[in-house]
Structures are given as C-alpha cells and as structure tokens.
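The exercises below are meant to be worked through with the sequence and the coordinates open side by side. Try each task before reading its solution.

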Amino acid sequence: MPEQATAPDVVSDSFRRSAAFPSDAFHVYDTTLRDGAQQEGLALSVADKLAIARHLDDLGVGFIEGGWPGANPKDTEFFRRAQTELDLQHAQLAAFGATRRPGGRAADDPLVAALRESGAPVVTLVAKSYDRHVELALRTTLEENLAMVRDTVTHLREEGQRVFLDAEHFFDGYRSNPSYAVEVLRVAAEAGADVTVLCDTNGGMLPAELADVVARVLEQSSSRLGIHCHDDAGCAVANTLSAVDAGVSHVQGTANGYGERCGNANIFSVVANLELKHRREVLPAGRLGEMTRVAHAVSEVTNVAPNQHMPYVGHSSFAHKAGLHASAVRVDPMLYQHVDPETVGNDMRMLVSEMAGRASVAVKGKQLGFDLTPDQVDTVIGQVKDLESKGWTFEAADASFELLVRDVVAGERRRHFTVESWRVIVERRPDGTVASEATVKLETKGERLLATGEGNGPVNALDRALRSALEQSYPELAELDLVDYKVRILEGTHGTDAVTRVLVETSDDEAEWDTVGVHENVIEASWMALEDAVTFGLLRRGHEPPA
Ligand SMILES: [Zn+2]
C-alpha cells in the first residue's frame, strides 16, 4: 500500500480505488490476521501476516484487517512494514482497535493515536453494544459508552480515516436492551462510521433469529450494516448468508474459518456461496477460480494441515467414492456435485477402492488423460484388487494410483531413477538427542549418484537423502515438501504377519498429492511412498520417465 497515509486527500484516493473494484456496493472483509490469529495453536510472525495478506489480496477481498496496532507490538510492526512491503492490488488495510477510554478524549488517547498513525485507510473500532457489558466489563455508564463511540469516530473521521464500527455482542445486547444496542449503531453512523457491523461474538445465534434481528435493525439504521459471525453453533456461514438475505452488504470472515474456539465464518465458503449461489459478484472477475489455491497457500503459511473436507476448497470436496454412481458421473458430473469444481479452482476426483467398478476406473483413467482399453481397465482393476488385499489403499493415494495406471498403459514399470540401495541409522547420543542419517545410492540419466541426508527421524533423513541425490539432476525437487505422514499397522490375515501401511502427503507451491507404501518393515513402506511421491513430483514438472 504505497500511497496510503492519514492525510485526507490520500484517503479520498483510496475511496476512488474502492469505487473501481472491489466495488463498494458489497464488502468482503477478511479478519484472518486479527480474529483468525486467535485460533488455538496458531502463531503468526509479521512475515507470515504479510504473506497471508498478499494471498488474500490475490483472491480479491476488499478489506484486510491487519491487527490491533498499539495494543500488540507485532501488529504495530505489521502496519509499519505493510506501508513499504505490501503492494495491494484489490484490498485496503484496516486497523482494528477500541474506542477511547472512559472519561478521556479520543485526541489524547494513545491507543487511538496508534490507529491514526497506522497508515491504514480504514479503522475498525470495536464498541460495546450490550448494556450489561458496558456496566460490568467496561465499568462505565451507558451514556459514557455512547460518548466514547461518538468522540472516537468523529476524531478519526476528522483525521481522514474511513471508520467501520464492530458492535461487539450485538445480538446478546439486542435481546437484553434493543433500543440501547441500536442507539450505539445510530450514534456511530451519525458521527461518520459508514459501516456498522453486527457481531455474534459468542457464536450462538441461529439463522432465522439472526435474520429477523438484522431486518429489524435495518429499518432503524441509516448506515450500511455488516455481519461478523463465530461458529460456536456450527452456523457461522449460514448466519452470514442469512444476514445478507436480510440486507447486510458487508461480510466478515477468516481464511479457512480460523478463529478462537470453533472459529469464525469461513470467508471462502461465504464468498463461494455468494458468487455461485446468490449470483452476486463480490470478487473481481476471474478471481474465484484462485480460491482453492489461496486456501492451500494460506495453510502453508499458518502451518495448519488443510482440512480436506472443507466445503469448496478441500481435497475431498469433489471426491466421489467409486462404484454405483461412477457410471452416472461419467454421463454427467453435475448429477453428483452441487457446483462445477473448476469454478473454485478445485477438481473432481474419483476414489479408487476394491469396490471399484469398470466405469469408475475408466472415468479415473480419462481424468488422468488416458483412454484405457477394456483390457487395460481389467489389468488396472486386477492390480488394485490384488494390492488392496495386501493392505494397500488407493482411495487416499491418488498419485500412487496414477503411477499404477501409467505403468499399465506403458506395459512396464517406468521410473526416472533406479535405486541401488539405501541405508539409515538412528542414533541416540549421550546428550539424549536422537538423530538419523541416511545414505542413498541410485542411478538416473545414466549416472550413479550417492547422497546422504540427516533428519530428526529415519523417514525424514531418507527423504532428504533421496531428494539430494536426485536434485543433482532435477534441481526443482528442492521445492517439494513432505507435509503429512501417516502410519497404520494392519492386522495380518490368513496366517500372514502384520504389515505397515504408510501414507505420505507431499506438496509443491501449487498442489498436494498422496502416495502409499506397504511392507512388513515401516521404513521400507515409507521408502516406497517416498519414491512414488518424488516420481509424481517429477511428472508434475513435465519430466517423462525413460522407456
Ligand atoms: Zn470475532
């Protein structure tokens, strides 16, 4: 945000920009960096926050709430660095903060000064609208709370910032004292706040009652209304949509629904529903197709494994279990999905399991770009059934399945490298630390390569050794990350020993893929999954294995 400052003429420039797009007619307001960051276990550095802001801007949200400058040193730092390091194309930054202290003056309040000096064109002020909270938590009078809202909004407007008001605990406040809750909104709007946001801070509302309150407030309100929902009753997205139905035109939410307790309204679900179901353009043209990528990119930054069952953007959101409906999916995919996955940048997937019928294998083959002959379909089904009886699973290992299909089509196993041997040692040192070291010998492109790798565990060490050997010929393998590793011991059947199944999830900057290995030995099972993972990574980069 190079040109944003607090001078009035600069703010009018940001108004002009918002008039172009995102249209000021409807606000998509993201609070991942402030409310989302409250999620248990989430810790974002300033660099993380800047990276997430870039991703959200790339998606095309209208506003990015960056944090609470003045109250939190990291957030002060974020706004300082944002001025030179963020070049936002769509979004405007919003600084979040409270109204001035009781009994003081906004112009003299240090926290209000931090908002004023944040460089953000928008300030979102949180205010109490629940009478009991004013008296018990804020320990002031209802009149003084209104004066705090009026004074702070007026002051920031005079200083040239656009002001939104988050009315905290609004719905509880409305139940307790509706005229006071609405009076807080009225005072804020009169002082110049151009959005007043109704917050279901405790997250306990249900859609019908919430919509009813929104409709009644709208009749008495002169400002634009917004909605901010938490998911404690599992209704955050539904509540947000019903508020839109009732007339709000500003929605708040967080990436992947991050937030404290049960999370906030998932902004991706909200936006996809508005665009695809309400047919309302709330993102710049063409940006919705970036949503799946952005959702995963944000997960990479937060280091929270993506929920694969997330609506619209999950890895499983459009995954169909094979069998009965596979043949119908082949006729018309829309018979079995609510929207076309491509609209949100996701893909339909057919899951392959021992229940796999001919139709699902044919569909799956087609998705991978192969027109399988009836014989090839039979061979694939035969191999899948045989391997699944030995403990393999392809439902959760798409990439390994694709390699199997490719080998059937090629009529032989084709790989970019052949492994001569590997070795791994695990050492517990006198100081109590445990370290692993692996050595891998392999041949690729006619060259014999040897590499070692160290890691905190044997699989980690093997992964590093395998990739550092191959990186000599394929440098782009450095971009792969092993993101998830699952081990399951499977009971032996019919007198056989127990086997170990390992599932590995690998990612590059665009996608994730899953591979599988099965063996009596957990390290060998892991190795098989790693080999598949790297092979698939090379295929993704356009490297065809030699015949
Ligand atoms: Zn909240």
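**Exercise 1.** Find the second largest pocket and describe what lines it.

*Solution.* Begin with the volume: about 630 Å³ of space lies in the second largest pocket, where a pocket is an open set of points on a 1 Å grid over the protein atoms alone, at which a 1.4 Å probe fits, with protein on both sides within 12 Å along at least five of seven lines, and lining residues have an atom within 4 Å of a point. The volume itself is the space filled by probe spheres set on the points, which are joined across faces, edges and corners. Next, locate the centre: 35 residues line this pocket, and the closest to its centre are R34, W68, F96, V126 and E168.

Before going on, note that the model is predicted, so that local features need pLDDT of at least 70 and side-chain atom pairs count only at pLDDT 80 or more, while totals for chains, interfaces and linings use all residues. Residues are numbered from 1 along each chain as its sequence is written, and side-chain values use heavy atoms, with hydrogens and water left out.

Then assign the lining to elements (helices, H or I, of at least four residues and strands, E, of at least two, taken as DSSP runs numbered from the N terminus): α3 (73-85), β3 (92-98), β4, α6 (142-158) and β5 each supply at least two residues, and β4 gives the most, with three.

**Exercise 2.** Place strand β5 among its neighbours, and decide whether its residues are mostly covered.

*Solution.* Start on one side, where β4 (residues 122-128) pairs with β5 in the parallel sense over seven bridges (two strands pair if DSSP finds at least two bridges between them); T124 has F164 of β5 as its bridge partner. Turn to β6 (residues 195-200), which runs parallel to β5 and is joined to it by four bridges, with L198 in β6 as the partner of A167. Finally, β5 (residues 162-168) is mostly covered, since six of its seven residues are buried, that is, under 20% relative accessible area with a 1.4 Å probe and protein chains only.

**Exercise 3.** Which residues coordinate the zinc ion, and where do D35 and H228 lie?

*Solution.* List the donors, which are N, O and S atoms within 2.8 Å of the metal (3.2 Å for Na, K and Ca): D35 (OD), H228 (NE2) and H230 (NE2) coordinate the zinc ion at 2.0 to 2.2 Å. Their spacing in sequence is D-x192-H-x1-H. D35 lies in the loop between β1 (27-30) and α2 (46-59) and H228 in strand β7 (residues 224-229), so this pair ties together parts that are 193 residues apart in sequence. As a last step, check accessibility: both D35 and H228 are buried.

Notes
Buried means under 20% relative accessible area, exposed over 50%, partly exposed in between (1.4 Å probe, protein chains only).
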